[in-house]
Amino acid sequence: MGKSLVTNNIRKLRFHHDEMTQQQLADKVGVTRQTIVAIEKEKYSPSLELAFRIAFVFSTSLQEVFSYDAGEDPILKSKK
Amino acid sequence: METNMSYQEKRAIVSILSSLLIFGCYSFYVFQINQEESLSRINEPGFWGSFILILIPVSIVAKIIIYILFLIINKIATNESAPSFEDERDKLIELKATRNSHYVFAIGFLLAMVTQVIDMPLYSMFIILISSGLVTEIIDEISKFYLYRRGF
């Protein structure tokens, strides 16, 4: 698997929200703990809906949770 | 390499092993214990039809028993319960695994048809069909294991 272009701050955000556990976050956004683990490890890019839900739980914007490196995107590079 | 496996990864491994075990035991029973009868009927479509029709319920019942045992042993060993629902990632993995296994079965089906075009014995078609069914199941679980392990 290539490196994901979408990175996230979920671990840091959980820490700053009373050290929320992965299971607590999973319960709040309606997925399994394994999915939160996979997102944190950048092994899975969540759907837009789930991404918004995670941002909502942390009362922040999507950009504060997820970042995207357009400069490294091979599709965008090939279209230049 | 990560060492601790998720519930889904363990389930995929158990499923692969149980498929091989059930198919192996059933084939051993049919072709070794009832060797004389089986070999005399090996070119009869009815023999292969009953082989498949009996294998399906045997396989379902055995898999349910093995799965329950896995749940109990996994709970005792790790105190981890099975997820109570499937989320978007589980459904995506399921879809990708099903797609891979369908490709494999389609190839097996075509190969089985080729055996009849080139006048190979009837049993070769059924052996390829049944084997591709088994390989399909295994590819399905290997795909799930890979996708849960490596991500996508």
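**Nonpolar cores and the makeup of chain B**

In the predicted model, the largest nonpolar core comprises 19 residues, of which A:Ile10, A:Leu25, A:Val29 and A:Ile54 touch the most other members. Two or more residues of this core are contributed by each of four elements of chain A, namely helix H1 (10-16), helix H2 (22-29), helix H3 (33-40) and helix H4 (48-57). The most is given by H4(A), which supplies five residues to this core. When residues up to four places away in sequence are not counted, A:Ile54 touches A:Ile10, A:Val29, A:Ile39, A:Val65 and A:Phe66. A second core, separate from the one described above, is made up of 16 residues and includes B:Tyr26, B:Phe47, B:Phe126 and B:Ile130. In soluble globular proteins, nonpolar side chains tend to be buried together.

Chain B contains five helices and zero strands, and its pattern, read along the sequence, is α-α-α-α-α. The C-alpha trace of chain B spans about 50 × 30 × 25 Å along its principal axes. Of the 152 residues in chain B, 33% are buried. Among the contacts in chain B with a separation of 6 or more, 77% are accounted for by residues 24 or more positions apart.

With regard to the surface, chain B exposes about 9200 Å², and 72% of this area is supplied by carbon and sulfur atoms. Chain B carries 12 positive and 15 negative charges, and the mean positions of these two sets lie 8 Å apart.

Methods:
Residues numbered from 1 in each chain as written. Chains lettered and ligands numbered in written order. Predicted model: local features only at pLDDT ≥ 70, side-chain atom pairs only at ≥ 80, totals over all residues. Heavy atoms only, no water. Core = buried A, V, L, I, M, F, W, Y, C linked by side-chain atoms within 4.5 Å. Buried < 20%, exposed > 50% of the residue type's maximum accessible area, 1.4 Å probe, protein only. Contact = heavy atoms within 4.5 Å. Areas by Shrake-Rupley, 256 points an atom, 1.4 Å probe, with all protein chains shown as cover. Lys, Arg positive; Asp, Glu negative; His and termini not counted. Charge placed at Lys NZ, Arg CZ, Asp CG, Glu CD.
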